[in-house]
Amino acid sequence: MASPKFYIRTYGCQMNERDSQIMAGQLQQMGYERADKETSADLIIVNTCAVRGSAEEHAFGYIGQLKQLKDEKPQMRLAVAGCMSQEPGTVAWLKKHASHVDLVFGTHNLHELPKLLDEVEQHDEMVVDVWKSAGEVVEHLPSQRAEGVQAFVNIIYGCDKFCTYCIVPFTRGKERSREVAAIVEEVQSLAREGYQDITVLGQNVNSYGHDLNPAVDLGDLLQELEKIDGVRWLRYTTSHPRDFSSRLIEVIAASEKITHHVHLPVQAGSNAILKRMNRKYTREHYLDLIDQVKRAIPDVTLTTDIIVGFPGETEEDFEQTLDLVRTVRYDAAFTFLYSPREGTPAARWEGRDPVPNPVKKERLNRLMELQYQISWEANQRLIGRTELVLIEGLSKKNPNVWAGRTQSNKVVLVARDPAEDLIDRFVPVKITEAKTFYLAGQVAGKPVSDVSPRRRVELPLV
Ligand code: SAH
Ligand code: SF4
Ligand code: F3S
């Protein structure tokens, strides 16, 4: 008999990506194979994100679309997982509007997927198993990672920061750090398999280790990980400015492997708004931190997240955000319209979402226009420099061009010699052109890395 097939659709952040890999690993152990499209799957899992209303609408829309497939193939199973499952309203909504869903589970019990799928076969009605809080950290779960040489490694789960706009502490629970030894062992085994670009993950990696006995910090962990042979690039995401310590800056500056990319979400430039967001730092503290980073790491690439239209944001508050962006001169910024999230403190405030949508959008446009200009200028300074680029594949638009990334995560398009397969290799590239969202250049030497056993199947050479 042919193996059953699964298909996973993932929304949201890298933590969700990683969770999907763990679901896939468990399914593979149960004898499932990956389907390349929904129509050939026996099981579809929708791994959802709840961070903004738009993310939820996408997931609800997708679940709705799958009704037709379920009608055609009643034996197909449909599961909803991830952060939306952890929200109180979701199960009721699904029961009312999406009774074709067979299983709902959350972020705290993905390790129980085999048992839950078993339960689905024993019940006619929707099986719902969402834990309110997390249990102990579960180690040694199987996983099916992405192709290539890049790997994500969880180091801390949950978030205790409770920014007033944010749903994540409710969907991901309290902070729980993994033991250093478990992380080191995982990265050692990844390096042996040929992974060279390692990103350690957490909603707030800067709180890593405070709950361990003895307590350690992110700097200690990164120093252990950079000792591992075979690891070429070491990244961490996401950081919170409040816990981003001087010691961590020193560790990054002194390291050969920790990438010189600092993503430091600021969210807003006005102290009044930062206070209402419960970010627990001031504009002055943040700018001071950025100064320290720039002094210690002169070639740093800086990026950030900004929310526009938070409740109470006045034109003056917003101008302070613009002013901060002009001062810091980020390489790039991820900008979001404020979206009230049920269950968060800000959504309970009077007026709920008081900044009118057209005002929010107009501010967002001004912010993006400013940031695009700065990104363009920041990229110009790279022209003429030789950067190490990890080649990820062919450019989608032009098969005569490779697409890759620098250690600071900038996209680089590289002229391709069809006789050479550089996929998943680290190659020196001389930058010849710089745009707002990407760089372009030419191979300027031999790949610095050996061919990894993880290298993807060679392309047909033309
Ligand atoms: N832990 C990370 C962020 C997780 S969410 C951190 O603290 O940086 C990613 C980004 O989504 C946040 O940085 C914030 O800019 C944005 N975001 C979170 N909640 C939001 C909301 N309710 N409305 C709009 N943007 C939001
Ligand atoms: Fe959300 Fe704030 Fe935690 Fe980031 S630090 S996940 S924005 S509560
Ligand atoms: Fe979204 Fe959950 Fe990540 S809300 S951003 S998938 S932690």
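## Salt bridges, domain interface and ligand shells

In the whole structure, a search finds 32 salt bridges, each defined as a side-chain nitrogen of Lys or Arg within 4 Å of a carboxyl oxygen of Asp or Glu. This is a predicted model, in which local features need pLDDT of at least 70, side-chain atom pairs count only at pLDDT 80 or more, and totals for chains, interfaces and linings use all residues. Residues are numbered from 1 along each chain as its sequence is written, chains are lettered from A and ligands numbered from 1 in the order in which they are written, and side-chain values use heavy atoms, with hydrogens and water left out.

Side chains of opposite charge can pair when their charged atoms come close. Three of these pairs are listed below.

| Basic residue | Acidic residue | Closest N and O atoms |
|---|---|---|
| Arg-172 | Asp-19 | 2.9 Å |
| Lys-115 | Glu-112 | 3.4 Å |
| Arg-381 | Asp-331 | 3.8 Å |

Lys-115 is partly exposed, at 43% relative accessibility, whereas its partner Glu-112 is buried, at 19%. Here buried means under 20% relative accessible area, exposed over 50% and partly exposed in between, with a 1.4 Å probe and protein chains only.

The domain assignment gives domain 1 (5-129), domain 2 (145-259) and domain 3 (386-443); such bounds come from an automatic or database assignment. The centres of domain 1 and domain 2, taken over C-alpha atoms, are 27 Å apart. Contact between these two domains (heavy atoms within 4.5 Å) involves 15 residues of domain 1 and 15 residues of domain 2. Together they bury about 1,400 Å², 57% of it on carbon and sulfur atoms; buried area is the accessible area (1.4 Å probe) that two parts lose on being put together, summed over both. Gln-14, Met-15 and Arg-18 supply 44% of the area that domain 1 buries against domain 2, more than any other three residues. Across this interface the rule finds 2 salt bridges. The side of domain 1 that touches domain 2 has 5 nonpolar, 6 polar and 4 charged residues.

Arg-172 also belongs to the shell around ligand 3, alongside Cys-13, Asn-16, Cys-49, Ala-50, Val-51, Cys-83 and Gln-203. A shell residue has a heavy atom within 4 Å of the molecule. This shell divides into 5 nonpolar, 2 polar and 1 charged residue. Gln-203 is likewise listed around ligand 2, where the other neighbours include Cys-159, Cys-163, Cys-166, His-240 and Arg-279. The shell of ligand 2 has 7 nonpolar, 2 polar and 2 charged residues. In these classes, Ala, Val, Leu, Ile, Met, Phe, Trp, Tyr, Cys and Pro count as nonpolar, Asp, Glu, Lys and Arg as charged, and the others, Gly among them, as polar.
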